[in-house]
Each structure stands twice: as C-alpha cells, then as structure tokens.
Amino acid sequence: MELFAQQLTAGIATGAIYACVALALVMIYQAIGHINFAQGEMAMFSTFLAWQFMQWGAPYWVALSAAVVVSFAGGVLIDRTIFKPVRNAQMLTQIVMFVGLLAMLNSLAGFIWDFTSKPFPTPFGADPLFSSGLISTHQLAMILITFGLLLLLFGFFRYTRVGLAMQSAAENPASARLVGIRVEWMIALGWGMAAAIGAIAGVLIAPIVFLEPNMMLGILLYGFAAAVLGGLSSPPGAVLGGFAVGIIENLSGTYIPVVGGELKLTIALAIIIVVLVIKPSGLLGSRHVQRV
Amino acid sequence: MPPASSMQHASETPIELAAVLGGTQSTQRSVDLKLLTGVAVLIVAVVLPFVLHTFFIFQMTMVLIYAIAIIGLNLLTGFNGQFSLGHAAFYAIGAYTAAIMMDKGDISYVWTLPVSAAICFVFGFLFGLPALRLEGIYLALATFALSIATPQILKFSLFEHWTGGVQGLVITKPDPPAGLPLTQDQWLYFFTLIVTFLLFAVAQNLIRTRTGRAMMAIRDNPLAARSMGINTPLYKALTFGVSALYTGVAGALGAIVLQFVAPDSFTISLSVALVVGLVVGGVGWLPGAFFGAAFILFVPNVAEHFSKGLSGATYGLMLVVLMLVMPGGCAGLLRLLRTLRNAASSANNG
C-alpha cells in the first residue's frame, strides 16, 4: 500500500511537468492549429539559458525570470521569422518547419553547452517533505507551481482584454480582425507564452533528469500523450491529461512486470494511439465537425 | 468544371511534374531526352565502382539505400498525402529482420530482402489501419511517438536473445558470387544498384496505374475520391504498407552493408533525415530521392568538419530555408529552370 501511495504521488509530481509541457503545446495549437514538435527543444534551450545565467552568478529566481523573459521574446521571434511566412502553407510545410526547428535547437544546444549531463539546482531542496518520505519538497513545489500557472492562465483568458482577444483570434480570425484585434500579434503572443511556460517546465524537471540537449525528448512525448488525452483544444484538459499520464506511467511501470522501467516511452505511444483511435477529441476537447 | 481552372490545377500537382521536367514542346523529344538521361545515369552508376576508392563505393551504396527508403516515404507522403515521422521504425524492422536471419538462422543475405519486405509490409499495413482515422497532424504525432519509442522497444530485454539488446548484432559481409572478379564492396554496390533499379521501376509504374491515380486522388481530395468509389481506408493502409516495405528493404540492405545493427542507429534522427531527404529531393517526384539521399549522406559530414554535432543544425537550417525559399526542393529547382528556358526560347522565337 505504501508503495502504491509513493508511486501515485511520484506520478502526480512528474505529471505536473507533463501538464506544463502539454499546456505549452495547447497554447500553440490554439493559436495556429498545429502541434509544435519543437516544444521540448525550446524548453530545453530555455533551461540551458537559466543554467547559463546561474553560471554567470545570477541567483536562482533572477536566472529563472530572465530565462522566462528571454524565452518569451524567443518564442515571439520564432513565430515572426519562421512561421509567419508559411502561415497559409500546406500542412507538410509546417510540420517540416517544426522538425527543422527541433533539429536546429537540439544541435545548437549541444554545440554551445556540449552533450554531457549537468546537475541543475533546486531552491526547494530535494529532502522528503514529511518523515514518511512520500514526496519531496521539490515535487510538491512542481505540483503547486503547475496549479498556480493554470490559475494564472485561467484568469488571463477569462478576465483580461488581451486574453479574450487571443481567444477570439484563435476561434474566428476573420471576425476578430473585423473588430480590430491584431490577429497576427495574438498568435505571436501565443508563441511567446508557450515558450515561457516551456521554460518553467524545463527548469522544474531539470533537477530530476539532469540537464542535457536530449533531456526533453521523452518528456515531450509524454506531453503529447497528455495533450492528446486531455484534448488538444483544452488547457484544463492538458493539465488533467498531464497528471493522468504521470500516474499511468508510474503505476504501469511498477505493477506491470514486463513493462518495468524499460518500455516507459512505449506507454506514451500506446496512450496516444488508443486515445486517437477511440476518442480523437480527448477527454475535454471539443469535437470539430467538418462541413462537406 | 471549367477547363481553364482544371488545367491550372493540374500543372501545379506533382503528377504533371514528370511531364513538365521532360519537356512540354514535343512528347517524342521528351521521351528521347528521358531515355538518354536514364542510360547516361546507368552507365555512370556501373562505371563508378571501378574508379572510386573503397570508402566512396561504400558511400555510394549508402546513397542508393537511403534513396530506396526515401522513395518509400515519397509514395506515402508525396502521392498519398499521409505524413510520417516514424519511418526509422520500419527501417529498423527491416534491418533487424535481415540481421537476425543472417546471424541466428545462417540464411543467405539475398533471402533477407523478400522476408524483410513482407514483414515490413504487414507492420506498415497494421500501423496504417488505426492511422486511417488520424488526419494529418494526428498521424504526424502518432508516427513521431513511434519513432521515439523504437530504440526502447529494440532494447527490450524479452527480445534480447534475438536482438542482442543494447549491443546489437554483428553480421558477416557477404562474398560476391563465385566467378565474379569483384571485391566485396563492389559486389554489394552492384547488388544494391540492381535492387534500387527494380524498386524504382516498380514505384514509377505503380504511380501510373489505376492504383497510383487512386492514391493521388485520395491525396488531392479524399471526399471526392471516396464518392468516386475508391476504397479510401484500404488504399491508405495499403500505401502505408508499401511505403514501409520500401523502407524495410532499405533497412535490410543497410544492415548487410554496415554489417551491424544496434538500437541507437534507429532514433528519431533517422526519421528526420529521411524527411529531410524527401523534402530536399522534392515531394512527389521520385527521382528526387537520389538527390535527397546524397544530401543526407554528404551534407552532415561536411558540417561535422566544422564541429561535431552540428549536423542537426545544418539539417534544421536547410529545412527551414528550403521551405521558405524553395518549397519544391530539387524538383522545384528543375521546374524553375525548365520554365526559365521555355520563357527564354519563346522570347527568342517571338
């Protein structure tokens, strides 16, 4: 029973990270209707930036804030330079652009910071929170920060002018443009926010998986699984999916003997395929009906 | 349908690309030109291994192998409109099939190809079945996941007895048939050349048949294709199978030539490389596969001269620049040259 509780809380804690990545994916999917295959590498790059700032002597929170700000600007820049020109191009072009971005960021990070794993600090400490050792303070912080982020996003989309404008730009660009919303800048804003959320996710996961250019590949896959499970068009769904995938991953790793720790990525593949086949819109996503 | 708009549409689709490339002024001349080009390429391909250094023969063999895989991907993406980031998985299945047959079963390398082809066709067809319900972006997602999970599945301990686990398998290099005065590398090159030629011819003919037209109809307008009586799900799954078959044969040849398979050779990077090759060569133009294959083999080498690990950046940058500047790849470049030449000649005539 204790093992079960431990695995469950560990699942919720890693689920928080998947939720963050899934949130970032959903942000861009909402804005341009595409899945950002480079999301993981963008988050990895942001994490390296935070690490670099700390190497230069910045305290943790300053480094984190700086990384978030730079990532936001980077996200906007990527949209304006790479994706704006192909906004109306066919799907293949867009996917290839994402793949190109992925390859570029990955090998650029390796070029600048090399491929050795680096330890990443956490301000929360890795000590267990209670004497039972159920959950570490860092894990608890991960969960709380994810919920904080979700609340912040909810408030932003619900109560601010910009948030509402972003939503309407995503839902009906033509009408939004007619009422004076600058749709292109709303999309760029979506990219910036996704990059910033990715930076937070990267910095939170780095103390656990160590910092290296390929650290986000597996996490991105879980983020995909989470976003698909929750519904690609729903931010709360992404968070729900994130926690669900974290729990599924940990419990099946513990209790299905064959799967063990060896086939963990295959679980994500299985989740994605099963959800897409049974309920492509996900748990909380909206169904799109195509007009003939 | 108004004829003007249908004409315009046709000239933009890759189907007509061959005709445009071959020349529009006279069909007879274009056939001669294509035949001439084909014969010239074949002569060069046959003479090459006798003048090149051993290492370059090996590299030319790898170009042919990648070209087969890219032809397979092109059939799926360029002619059927389905996108895959997961072809490293089928390449891996082909490679492992060949390696296991040769290492555990002591079976001749020649027989590994049809077996790899059959197994990959089945796997591709089976993966294609659920993938039918996945439109565009979702299919890309599922295949991306397949690609990332592949190395882990290959390392799986239950299969370790067969796959060799993390270490992989080492196989012996086949000798040329008795009586042929060739080195092992030269023979493997010719063997690969023959297979490539056969598979290329089959693909070229496939896209000209009823089946090929059905594939393209599904790409251009799935709804219209279905209403014309094309069994869309079946064709899509079959195309996925055929595409996997090509990639699997390439994988088997790759294992034979490299004499080695290991899980970490079949990562997402390989899938990305195949997509790069497809895009560089030109989506929907089969001969482009050879340009794309040469690109993915040689360009990263050049990049690595400057810094280890920069090949990914080169891929990425090339992809982005290509998509922004010349979305048609080599095919687009040739088409552009042809248009310019036609414009120049008509200006001279006028």
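This is a short chat about how chains A and B meet in a predicted model, and about one helix pair in chain B.

Student: Ground rules first: what kind of model is this?
Tutor: It is predicted: local features need pLDDT of at least 70, side-chain atom pairs count only at pLDDT 80 or more, and totals for chains, interfaces and linings use all residues. Residues are numbered from 1 along each chain as its sequence is written, chains are lettered from A in the order written, and side-chain values use heavy atoms, without hydrogens or water.

Student: How many residues does each chain give to the contact?
Tutor: Chain A gives 41 and chain B gives 41. Contact means heavy atoms within 4.5 Å.

Student: And how much area do they bury?
Tutor: About 3800 Å², 83% of it on carbon and sulfur atoms. That is accessible area (1.4 Å probe) lost on being put together, summed over both parts.

Student: How many salt bridges between A and B?
Tutor: The count is 0. A salt bridge needs a side-chain nitrogen of Lys or Arg within 4 Å of a carboxyl oxygen of Asp or Glu.

Student: Which elements of chain A touch chain B?
Tutor: H3 (60–83), H4 (91–113), H9 (216–230) and H11 (264–278) of chain A each give two or more residues. Helices are DSSP runs (H or I, at least four residues), numbered from the N terminus. H4(A) gives the largest share, 14 residues.

Student: New topic. How do H4 and H12 of chain B cross?
Tutor: The axes of H4(B) (54–80) and H12(B) (232–258) come within 9 Å and cross at roughly 170°. Axes are lines fitted to C-alpha atoms over the stretch in contact, with angles from 0 to 180 degrees between N-to-C directions. H4(B) and H12(B) are therefore roughly antiparallel (over 145 degrees).

Definitions and conventions
Buried area = accessible area lost by both parts, 1.4 Å probe. Parallel < 35°, antiparallel > 145°, perpendicular 65-115°, else oblique.
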